[in-house]
Amino acid sequence: MHKSILFVCLGNICRSPIAEGMFRHIAAQRNLLDQFTIDSAGLGSWHIGHPPDERAQTAMRMRGIDISGLRGRRITPADFEKFDLILAMDRANRDALLKFAPKDGRDKVRLLMDYAPNLCVHEIPDPFFGKNNGFAYVCELVDAACRGLLVSLTVRPPLQATSMVRPLASLKG
Ligand code: 4NP
């Protein structure tokens with residue numbers, strides 16, 4: 001079933017374009033790109049029309065992923081109708097999204113890191129005011145979460161899972 005996913009951060013030039021590019025890349029590797037609409041947006045308006053931060057582009061290029069063609073945009077009320085899932089990079093983003101969302105759109109808002117529970121990291125830190133290595137760390141977190149997200153959206157348990165397990169008694173004789 002087709003799913004639409006929007007990744008959201010503050011500026012839409014660091015974390016959310018990384019997440020958009022990463023999820024697109026992972027879905028394409030598995031030949032699943034046609035099952036998804038994938039986009040990203042920012043809560044602020046500072047970087048509308050801007051390409052991703054050079055440091056984000058470089059960190060992604062080191063993984064063989066080109067995000068240079070993406071452009072910043074600001075989230076709109078229509079996004080809550082268009083997208084099935086709206087994934088925030090940190091709690092501040094999530095809380096701002098919950099305030100901005102129409103009542104019936106709030107269920108769509110989650111933290112991206114919810115999809116990598118084993119890491120026990122709940123937020124993707126804003127790398128904008130830090131050094132380059134912050135971007136490599138963002139890529140690591142986003143990579144793990146996007147893999148978990150893809151599994152959660154594509155793997156279905158078998159309908160008759162229990163019937164595949166033979167009761168112990170039937171093995172005996
Ligand atoms: P992002 O990082 O939310 O991951 O895109 C930021 C980019 C720009 C600004 C803040 C965060 N800014 O204040 O301009």
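Below is a chat about a predicted model of a chain with a ligand.

Biologist: Let's start broad. How many helices and strands are there in the chain?

Modeller: The chain has 6 helices and 4 strands. Remember that this is a predicted model.

Biologist: And in what order do the elements run from the N terminus?

Modeller: Reading from the N terminus, you get β-α-β-α-α-β-α-β-α-α.

Biologist: What does the C-alpha trace span along its principal axes?

Modeller: The span is about 70 × 40 × 30 Å. The chain has 173 residues, and 35% of them count as buried.

Biologist: What about contacts between residues at least 6 apart in sequence?

Modeller: Of those contacts, 70% join residues that are at least 24 apart in the sequence.

Biologist: OK, on to the ligand. Which residues surround the ligand?

Modeller: There's a run of neighbours in sequence: Cys 9, Leu 10, Gly 11, Asn 12, Ile 13, Cys 14 and Arg 15. Trp 46, Asp 126 and Phe 128 are also part of the surroundings.

Biologist: How does that shell divide into nonpolar, polar and charged?

Modeller: The shell around the ligand has 6 nonpolar residues, 2 polar and 2 charged.

Biologist: Asn 12 caught my eye. Where is Asn 12 found?

Modeller: Asn 12 sits in the loop that links strand 1 (3–9) to helix 1. Its phi is near 60°, which is a positive value in a residue other than glycine.

Biologist: Is Asn 12 buried or exposed?

Modeller: Asn 12 counts as buried, because it has 28 C-beta neighbours inside 10 Å and the cut-off for buried is 20 or more.

Biologist: I also noted Cys 120. What is the phi of Cys 120 near?

Modeller: For Cys 120, phi is near 55°, again a positive value in a residue other than glycine. Cys 120 is in the loop between strand 4 (109–111) and helix 5.

Biologist: Buried or exposed, that Cys 120?

Modeller: Cys 120 is exposed, because just 7 C-beta neighbours lie inside 10 Å and 12 or fewer counts as exposed.

Biologist: What else is in the loop between strand 4 and helix 5?

Modeller: Asn 132 is found in that loop, and so is Asn 118. Asn 132 is exposed, with 11 other C-beta atoms within 10 Å. Asn 118 is exposed as well, with 7 C-beta neighbours inside 10 Å.

Biologist: I'd like some distances for a labelling idea. How many Å apart are Asn 118 and His 50?

Modeller: C-alpha to C-alpha, Asn 118 and His 50 are 34 Å apart in space, with their positions 68 residues apart in sequence. Asn 132 and Ser 45 are 24 Å apart by the C-alpha atoms, and 87 residues apart in sequence.

Biologist: Got a pair that involves helix 5 itself?

Modeller: Try Glu 140, which lies in helix 5. Glu 140 and Pro 117 are 14 Å apart, C-alpha to C-alpha, and 23 residues apart in sequence. Glu 140 counts as partly exposed, with 15 C-beta neighbours inside 10 Å.

Biologist: Now the packing. At what angle do helix 1 and helix 5 pack?

Modeller: Helix 1 (residues 15–29) and helix 5 (residues 133–154) pack at about 45°, and their axes are 9 Å apart. The two helices are therefore oblique to each other. The crossing is right-handed.

Biologist: Which residues meet there?

Modeller: From helix 1, they include Arg 15, Ile 18, Met 22 and Phe 23, and from helix 5, they include Val 138, Cys 139, Val 142 and Asp 143. By class, this contact has 12 nonpolar, no polar and 3 charged residues.

Biologist: And how does helix 2 cross helix 5?

Modeller: Helix 2 (residues 54–61) crosses helix 5 at roughly 55°, and the axes come within 9 Å. That makes helix 2 oblique to helix 5. This crossing is right-handed.

Biologist: Which residues make that contact?

Modeller: Arg 55, Ala 56, Ala 59 and Met 60 of helix 2 meet Phe 135, Ala 136 and Cys 139 of helix 5. The contact has 6 nonpolar, no polar and 1 charged residues.

Biologist: Last one: which residues of helix 2 are buried?

Modeller: Arg 55, Ala 56, Gln 57, Ala 59 and Met 60 are buried in helix 2. Helix 1 and helix 5 are among the things that cover them.

Note on methods. Residues are numbered from 1 along each chain as its sequence is written. This is a predicted model: local features need pLDDT of at least 70, side-chain atom pairs count only at pLDDT 80 or more; totals for chains, interfaces and linings use all residues. A residue is near a molecule or strand if its C-beta atom, placed from the backbone, lies within 6 Å of it. Ala, Val, Leu, Ile, Met, Phe, Trp, Tyr, Cys and Pro count as nonpolar, Asp, Glu, Lys and Arg as charged, and the others, Gly among them, as polar. Axes are lines fitted to C-alpha atoms, for helices over the stretch in contact, and angles run from 0 to 180 degrees between N-to-C directions. Angles under 35 degrees count as roughly parallel, over 145 as roughly antiparallel, 65 to 115 as roughly perpendicular and the rest as oblique. A crossing is left-handed if the near helix is turned anticlockwise from the far one by less than a right angle, and right-handed if clockwise. Two residues are in contact if their C-beta atoms, placed from the backbone, lie within 7 Å.
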